[in-house]
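Q: I'd like a close look at one part of this protein, at the level of individual residues. Here is the model I'm working from.

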Amino acid sequence: MALTLSVDTARWRAHHKHVAEQFPGLVPVCKGNGYGFGHERLAEEATRLGADVLAVGTTYEAARIKDWFGGDLLVLTPYRRGEEPVPLPDRVIRSVSSIDGVYGLVGARVVIEVMSSMKRHGVSEQELPQLHSAIENVRLEGFAIHLPLDRTDGSDAVEEVIGWMDRLRAARLPLHTMFVSHLKAEELARLQQQFPQTRFRARIGTRLWLGDHEATEYRGAVLDVTRVSKGDRFGYRQQKAASDGYLVVVAGGTSHGVGLEAPKALHGVMPRAKGVARAGLATVNRNLSPFVWDGKQRWFAEPPHMQVSILFVPVEAAEPKVGEELVAHLRHTTTQFDRIVDR
């Protein structure tokens with residue numbers, strides 16, 4: 001009995017192909033938990049796509065994935081002096097976001113990140129003159145710009161990239177390759193048309209692996225079902241059942257990421273109102289689970305355990321049976337499955 005990631009493989013791969021056709025020179029991203037699929041699986045899929053570069057989050061991820069992917073590996077986390085050395089092959093390319101970082105990677109293959117409106121990290125416009133001497137002792141693979149997802153000020157992503165292209169060109173720095181993130185296909189095409197001598201390479205993770213929501217589905221197997229009456233005590237904390245129903249033990253607990261949720265950026269009155277309502281219910285131990293049964297998302301009977309969750313299903317709903325599976329709406333990047341099933 002397991003928490004299963006079910007994949008409509010043909011549909012999933014058709015989506016990969018569609019994205020790759022939209023973004024020539026695509027650099028697939030495989031970081032964190034491999035977007036819910038694992039590093040090994042995504043390395044295989046990137047190879048299947050014909051990718052020559054695979055982007056990973058850290059040097060530790062590069063060390064783990066190097067035996068599964070034969071092309072170049074681009075580490076997205078910028079190099080910092082004093083970081084723990086990790087043995088890596090020459091086909092690993094390091095991202096750098098500071099002049100000092102460039103000087104610290106003598107002989108290495110590097111991509112230099114410039115400071116975008118994200119304001120996360122990157123070389124500033126004022127530092128560009130210092131790059132001339134700094135890049136003499138590295139193998140420069142190109143520049144990179146990481147753009148924000150939302151533009152609430154109405155600014156244009158393409159214009160931001162063009163601005164940096166003009167600055168780099170004015171500083172007489174090599175512009176043979178520019179790695180970009182969070183651009184639409186038509187935006188990338190506009191840039192490529194305006195700067196035909198530069199190769200623009202889109203680094204894409206979420207849109208590539210998770211862009212077709214119907215291609216994947218999490219399912220938790222029912223392990224036990226116990227009938228309870230109103231007032232019956234149950235669980236670790238011996239709470240009372242609020243009404244007649246069923247306690248359903250389903251595969252999927254905190255070790256899988258069930259019950260974990262990343263903070264959300266809420267926009268608008270309705271999403272904020274729903275957030276306030278959820279918070280209010282949580283104060284009286286009412287927490288909605290990600291598991292769906294009989295057409296409805298069901299409540300946790302108590303907080304999820306390490307490997308299972310206990311749900312409360314009211315008596316008026318269909319009684320779940322041991323061995324049946326409940327669809328679970330889980331965030332791929334925070335979920336660890338027990339098994340993956342291709343269908």
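Which element gives the most to the lining of the second largest pocket? Please walk me through that pocket, and then through strand β16 (residues 308-314).

A: Keep in mind that this is a predicted model. The element you're after is β9, which gives three residues to the lining of the second largest pocket. Two other elements, β8 (177-181) and α8 (206-210), also give two or more residues to that lining, alongside β9 (199-204). The pocket has a volume of about 800 Å³, and 31 residues line it. If you want to find its centre on screen, look for His146, Leu149, Ser181, His182 and Thr206, the lining residues that lie nearest to it. As for chemistry, the lining is a mix: 11 residues are nonpolar, 11 are polar and nine are charged.

Now for β16. This strand is mostly covered, with seven of its seven residues buried. Val308, Ile310, Phe312 and Pro314 point one way from the strand, while Ser309, Leu311 and Val313 point the other way. Both sets are buried, and here that means under 20% relative accessible area.

β16 also has strand partners. Strand β13 (residues 245-251) runs antiparallel to β16, and seven bridges join the two. To pick out one of the contacts, go to Tyr246, whose bridge partner in β16 is Val313. Strand β15 (residues 296-300) pairs with β16 as well, again in the antiparallel sense, over two bridges. There, Phe300 has Leu311 of β16 as its bridge partner. Val313 and Leu311 both belong to the set that points the other way from Val308, Ile310, Phe312 and Pro314.

Note on methods. Residues are numbered from 1 along each chain as its sequence is written. This is a predicted model: local features need pLDDT of at least 70, side-chain atom pairs count only at pLDDT 80 or more; totals for chains, interfaces and linings use all residues. Side-chain values use heavy atoms; hydrogens and water are left out. On a 1 Å grid over the protein atoms alone, a cavity is a set of points where a 1.4 Å probe fits but cannot get out, and a pocket is an open set with protein on both sides within 12 Å along at least five of seven lines; lining residues have an atom within 4 Å of a point. Grid points are joined across faces, edges and corners, and a volume is the space filled by probe spheres set on the points. Helices (H or I, at least four residues) and strands (E, at least two) are DSSP runs, numbered from the N terminus. Ala, Val, Leu, Ile, Met, Phe, Trp, Tyr, Cys and Pro count as nonpolar, Asp, Glu, Lys and Arg as charged, and the others, Gly among them, as polar. Buried means under 20% relative accessible area, exposed over 50%, partly exposed in between (1.4 Å probe, protein chains only). Two strands pair if DSSP finds at least two bridges between them.
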